[in-house]
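User: I'd like a close look at a single sheet in this model, followed by a short tour of what lies around it and elsewhere. Could you take me through it in one go?

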Amino acid sequence: QPVVAVVGRPNVGKSTLVNRIIGRRQAVVEDIPGVTRDRVPYDAQWNGRAFTVVDTGGWEPDAKDRAAAIAAQAETAVLTADVVLFVVDAMVGSTDVDEAAVKMLRRSAKPVILVANKADNTAVEMEATSLWSLGLGEPFPVSALHGRGSGDLLDSILAALPEAPTIVEDRPRGPRRVALVGRPNVGKSSLLNRFSGEERAVVDSVAGTTVDPVDSLVDIGGQTWQLVDTAGLRKRVGKASGTEYYASLRTAGAIEAAEVAVVLLDSSEPISEQDQRILSMVTEAGRALVIAFNKWDLVDADRRYYLDKEIDRELRRIPWAIRLNLSAMTGRAVDKLAPALNKALASWEQRVPTAQLNQWLTALVQATPHPVRGGRAPRILFATQAGVAPPRFVLFTTGPLDAGYQRFVERKLREEFGYEGSPIEISVRPRK
Ligand code: GDP
């Protein structure tokens, strides 16, 4: 999600402008001497385009060197934003403090939109034309308080944002797509037989084409699911067909086509390399994951002891996967499958509001800052959730993070917001 930073002296009306952009009246705190509103991000939307607005109001209005303070603020904004809104007071005109900030802004390659705020009437609007002298191009006269000119401003913000990514269409409201995968003989067909299925071809949304009737609709826990590549599960009776290579391609294809994968393991046997490969296929594809330990009826106390050790060792990378101990043969815990799938999918599609995310993050980095390396420690400025399915986060920082610290942030993020059953991706956008 693109980021728009708002920069300007105290009292030019940044908070009011942010309120105007995000479309609400309360929330944002006014400039109060001594109160730091440091880089507070808000979610905004205009004409169907979502972006994040960062109020960079966090400099002390009574700082000794005002020019230095605003330059530092502008610098932070430039580091993290895709577009900068530079706000001046149209009734006051430009001051030398404004000019100091402009120098800094012009050195960056980021698009800067000059906002002449407090243009409540035509007279002030005319006055605002003198702001051309700042060298930031056309000033946008706006009355953040009354709304005057804010539509035009929002249009120009959208125009300045980076190319919109192709809009991901909403998931069609059909059945959820699930893949049932695992190495031969773990019990996939046996489990499938527990569900009543409708053997009908799933018609592709592309007009006139019917995809291979490899998928089918099955009832799992009273809910209809689209089981991808059912044909691959039913194909044989007794003996395996095809090479392992072919089977592996088929598994990868099923995972790719699914939203959530059930990886079946044989609890009576050690977790194998092939099991690991299948698990990796799921995490690398970014799909939600439920691990089903099948043949639980064969697990006795002795086996249980070793299995627990294997799980600790072999599944260390994916402690977040949902695990079920079931038996396709006896039916044990088979009813737990649908709730597990739903939970994994909910995590997979979970979205955390930007404000909530940053509240948590601010507390986290305060309590446990990044370790100092060579006399310096990169700071995390703020975070946004860039997408879902799976959840993807971007951390805006002053420098690259230690891999260990990044893992720490991911672990804490999971502790706070859950994500049971879903991989999450965290990327870092350091200053350039
Ligand atoms: P697939 O290759 O993964 O489809 O595995 P199958 O469903 O063909 O099962 C392989 C073998 O494991 C068959 O002999 C099944 O009867 C047996 N099996 C499957 N599930 C269970 C289970 O829960 N418990 C036990 N004891 N045997 C099972």
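Analyst: Happy to, beginning with burial: a residue is buried if 20 or more other C-beta atoms lie within 10 Å of its own, exposed if 12 or fewer, and partly exposed in between, with C-beta atoms placed from the backbone. The model is predicted, so local features need pLDDT of at least 70 and side-chain atom pairs count only at pLDDT 80 or more, while totals for chains, interfaces and linings use all residues. Residues are numbered from 1 along each chain as its sequence is written.

Now to the sheet. Three strands make it up in the order S14-S15-S16, with mixed pairing and an open arrangement. Strand S14 (380-387) and strand S16 (425-430) are the edge strands; each has a single partner, so one side of each has no neighbour in the sheet. On average, neighbouring strands here are turned by 25° against each other, direction ignored. As for the terms, helices (H or I, at least four residues) and strands (E, at least two) are DSSP runs numbered from the N terminus, and two strands pair if DSSP finds at least two bridges between them.

Let's zoom in on S14 and its partner, strand S15 (residues 392-397). The two pair in the antiparallel sense over six bridges. One pair in that ladder puts alanine 383 opposite leucine 395 of S15, and another matches isoleucine 380 with threonine 397. Being at an edge does not leave S14 bare: six of its eight residues are buried, and the strand is mostly covered.

The turn of this hairpin deserves a careful look in your viewer. Four residues lie between S14 and S15. Most residues other than glycine have a negative phi, and most peptide bonds are trans. Alanine 389, in the loop between S14 and S15, has a phi near 55°, a positive value in a residue other than glycine. The peptide bond from alanine 389 to proline 390 is cis, with omega about 0°, and proline 390 sits in that loop too. Alanine 389 counts as partly exposed because it has 17 C-beta neighbours inside 10 Å.

What leads into S14? Histidine 370 lies in the loop between helix H12 (354-367) and S14. This histidine is buried, since 21 other C-beta atoms are within 10 Å. Leaving aside neighbours within four places in sequence, histidine 370 is in contact (C-beta atoms, placed from the backbone, within 7 Å) with Ala377, Pro378, Leu401, Asp402 and Tyr405. Its C-alpha atom is 9.3 Å from that of glutamine 406, which is 36 residues away along the chain.

Positive phi turns up elsewhere as well. Lysine 118 has a phi of about 70° although it is not a glycine, and its place is the loop between strand S5 (112-117) and helix H4 (122-128). With 23 C-beta neighbours inside 10 Å, lysine 118 counts as buried. Glycine 23, just after helix H1, has a positive phi of about 75°. Helix H1 itself (residues 14-22) has eight of its nine residues buried, so it is largely enclosed by the rest of the structure; among these buried residues are Lys14, Leu17, Val18, Arg20 and Ile21.

For helix packing, turn to helix H8 (residues 244-257) and helix H9 (residues 273-285), whose axes come within 10 Å and cross at roughly 35°. Axes here are lines fitted to C-alpha atoms, for helices over the stretch in contact, and angles run from 0 to 180 degrees between N-to-C directions. From H8, Thr251, Ala252, Ile255 and Glu256 meet Ile278, Met281, Val282 and Ala285 of H9.

The ligand is surrounded by 15 residues, the closest being Gly187, Lys188, Ser189, Ser190 and Met329; near means a C-beta atom, placed from the backbone, within 6 Å. Helix H6 (residues 188-192) gives the largest share of this shell, three residues.

Stepping back, the protein has 13 helices and 16 strands. Of its 432 residues, 39% are buried. Among contacts with a separation of 6 or more, 70% join residues 24 or more positions apart.

Definitions and conventions
Two residues are in contact if their C-beta atoms, placed from the backbone, lie within 7 Å.
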